[in-house]
Amino acid sequence: SDMPAMPIVGATYDGNEGLTKREHFAGLAMQGLVGLKGSDCSDSDITAKQCVRMADAILKALDV
């Protein structure tokens, strides 16, 4: 989960290697929730936590 999802080859600044797989999956989950018609995303903290839980579930299912 801490490995880069899409590593930036040759990155030499601050050790930043791009988004982790967990961050990437959480962002995709958030896009889906926010775009879902009728979805209540009015509480951003709750929505963010839901997305991180989804990302963790994906990683667990993939046994990463």
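**Two cysteines and a pair of crossing helices**

The sulfur of Cys-41 lies 7.3 Å from the closest cysteine sulfur, which belongs to Cys-51, and this is too far for a bond. This is a predicted model, and a search of the whole structure finds zero disulfides. A disulfide is a covalent bond between the sulfur atoms of two cysteines, and here a pair would count as one if the sulfur atoms were within 2.5 Å. Cys-51, for its part, is in no disulfide. In their surroundings, Cys-41 is partly exposed, with a relative accessible area of 26%, whereas Cys-51 counts as buried, at 1% relative accessibility.

Cys-51 also leads to the helices, being one of the α2 residues that meet α1. The axes of helix α1, residues 21-35, and helix α2, residues 44-62, come within 8 Å and cross at roughly 125°, which makes α1 oblique to α2. The crossing of these two helices is right-handed. On the α1 side the contact includes Phe-25, Ala-29, Met-30 and Leu-33, while on the α2 side Thr-47, Val-52, Ala-55 and Leu-59 are among the residues that take part. By character, the residues of this contact divide into 13 nonpolar, two polar and three charged.

Thr-47 links these two parts of the description. This residue is found in helix α2 and is buried, with a relative accessible area of 5%. When its neighbours within four places in sequence are left aside, Thr-47 is in contact with Met-30 and Leu-33, and also with Asp-40 and Cys-41.

Terms used. Residues numbered from 1 in each chain as written. Predicted model: local features only at pLDDT ≥ 70, side-chain atom pairs only at ≥ 80, totals over all residues. Heavy atoms only, no water. Axes fitted to C-alpha atoms, helices over the stretch in contact; angles between N-to-C directions. Helix = DSSP H or I, 4+ residues; strand = E, 2+ residues; numbered from the N terminus. Parallel < 35°, antiparallel > 145°, perpendicular 65-115°, else oblique. Left-handed = near helix turned anticlockwise from the far one by under 90°. Contact = heavy atoms within 4.5 Å. Nonpolar A, V, L, I, M, F, W, Y, C, P; charged D, E, K, R; others polar. Buried < 20%, exposed > 50% of the residue type's maximum accessible area, 1.4 Å probe, protein only.
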